Amino acid sequence: MLNRKTSHFLGMRVQSELEHLSELRREAGKDRSSVHGSAARTRASVRTQWTTAAAATKADEGPGANLFPPPLPRPRICMWKYLDVHSMHQLEKTTNAEEMREVLAELLELGCPEQSLRDAITLDLLCHALIFCRQQGFSLEQTSAACALLQDLHKACIATPLGNVEECYRYFTSVLFCHGVRRPPFSIDLFKEQQLLALEDYVVNTYFRHFKLYKYVFTPQVRLDLSLTYMGLQPPKLWPESETGHVHVLRAYIKTQVNKELEQLQGLVEERLKASEERLSSKLTALEQPFQLPPGKGKSKTK
């Protein structure tokens, strides 16, 4: 009898433990579902807040929000980038500059030159580049790469109203070497050495010579509007007459000091611009010098 009661008691205890364990599992499942639901709601709220913040940031951006020069893209192979094989065959059939401009405007989706000054300048830039490629006897692949190189250079120039001529020149030479050295997949030997030198001379003499003009036409004008606010000072009309004179003296002194600092800053900027122009002129002068091959080592020495 004792063993039977003991086993019955143990069975009832085990059953209660199992029921208690099942209840704990159900509660844990409910807690897990509530946790997942709260996590999902949190992710949704965070995503909503992020979308709202991004939309507000995009709406607050004005025409002068990006005053810092953006980073230039990495140099890459640009063959068939803007003008594919079909486009090059259409341009090859043109017989004069007017037909070439019309085909270019249709292929690049540019507006009418009579209505848009910027589109007219872009068409002239690319049309003269195509004429140069024909004079040099470039193939369709070389002509497409040369035009794409010039277009990427122009985009880098007009990406910011600030001066970036040296950065653009380094970017141009890097992209140029991507088409002169066989090192796939980073570069290909599309141009020969003399063709690279001719293309570099052409871009330097036609584009970099008028770099500031292109930037003036295609970028917005940057103007500095400086306003001073005196924190902690009350309007003069609320002050006693005895203290108004001191306020005017203080404002005149601050304005004089600010004007001196602005004059020094303007002089420093002008000096840097002048130094940058002198370096650019020296580089252009060095590039205009004729390329001379080094003397051969196999020549016989004179006795």
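Visitor: Before we start, what does "buried" mean here, and what share of the residues in the chain is buried?
Guide: Buried means under 20% relative accessible area. This is a predicted model, and its chain has 303 residues. The buried part comes to 24%.

Visitor: What is the mean pLDDT of the chain, and which stretches have pLDDT below 50 or under 50?
Guide: The mean pLDDT is 75, with 68% of the residues at 70 or more. At the start of the numbering, one stretch is below 50 and has zero contacts beyond near neighbours in sequence. Another stays under 50, with zero contacts beyond four places in sequence. Those stretches are residues 1-11 and residues 297-303.

Visitor: What pattern does the chain follow along the sequence?
Guide: Let's take the elements by kind, then in order. The chain has nine helices and two strands. Read along the sequence, the pattern is α-α-α-α-α-α-β-β-α-α-α.

Visitor: Which element gives the most to the largest nonpolar core?
Guide: That core has 34 residues, and Leu153, Val203, Tyr207 and Phe208 have the most contacts inside it. Two or more residues each come from α4 (117-136), α5 (140-157), α6, α7 (193-206) and α8. With eight residues, the top contributor is α5.

Visitor: Which residues is Val203 in contact with, leaving aside its neighbours within four places in sequence?
Guide: Val203 is among the residues with the most contacts inside the largest nonpolar core, as are Leu153 and Phe208. Both of those turn up in its contact list, too. The full set is Leu150, Leu153, Phe172 and Phe208.

Visitor: How many residues are in the second core?
Guide: This second core is separate, and its members include Met88, Val103, Ala105 and Cys147. Its total is twelve residues.

Visitor: Which element gives the most to the lining of the largest pocket?
Guide: The pocket holds about 910 Å³ of space, and 24 residues line it. Elements giving two or more residues to that lining are α6 (165-177), α8 (211-218) and α9 (241-288). Nine residues come from the top contributor, α9.

Visitor: Which residues lie nearest the centre of that pocket, and how does its lining divide into nonpolar, polar and charged?
Guide: Nearest the centre are Leu162, Gly163, Asn164, Lys212 and Leu273. As for the lining, it divides into eleven nonpolar, five polar and eight charged residues.

Visitor: What share of the contacts with a separation of 6 or more is between residues 24 or more positions apart?
Guide: Start with the contacts in the chain that have a separation of 6 or more. Among these, residues 24 or more positions apart account for 70%.

Technical notes
Residues are numbered from 1 along each chain as its sequence is written. This is a predicted model: local features need pLDDT of at least 70, side-chain atom pairs count only at pLDDT 80 or more; totals for chains, interfaces and linings use all residues. Side-chain values use heavy atoms; hydrogens and water are left out. pLDDT is the predictor's confidence in each residue, from 0 to 100. Contact means heavy atoms within 4.5 Å. On a 1 Å grid over the protein atoms alone, a cavity is a set of points where a 1.4 Å probe fits but cannot get out, and a pocket is an open set with protein on both sides within 12 Å along at least five of seven lines; lining residues have an atom within 4 Å of a point. Grid points are joined across faces, edges and corners, and a volume is the space filled by probe spheres set on the points. Helices (H or I, at least four residues) and strands (E, at least two) are DSSP runs, numbered from the N terminus. Ala, Val, Leu, Ile, Met, Phe, Trp, Tyr, Cys and Pro count as nonpolar, Asp, Glu, Lys and Arg as charged, and the others, Gly among them, as polar. A nonpolar core is a set of buried Ala, Val, Leu, Ile, Met, Phe, Trp, Tyr and Cys residues joined through side-chain atoms within 4.5 Å. Buried means under 20% relative accessible area, exposed over 50%, partly exposed in between (1.4 Å probe, protein chains only).
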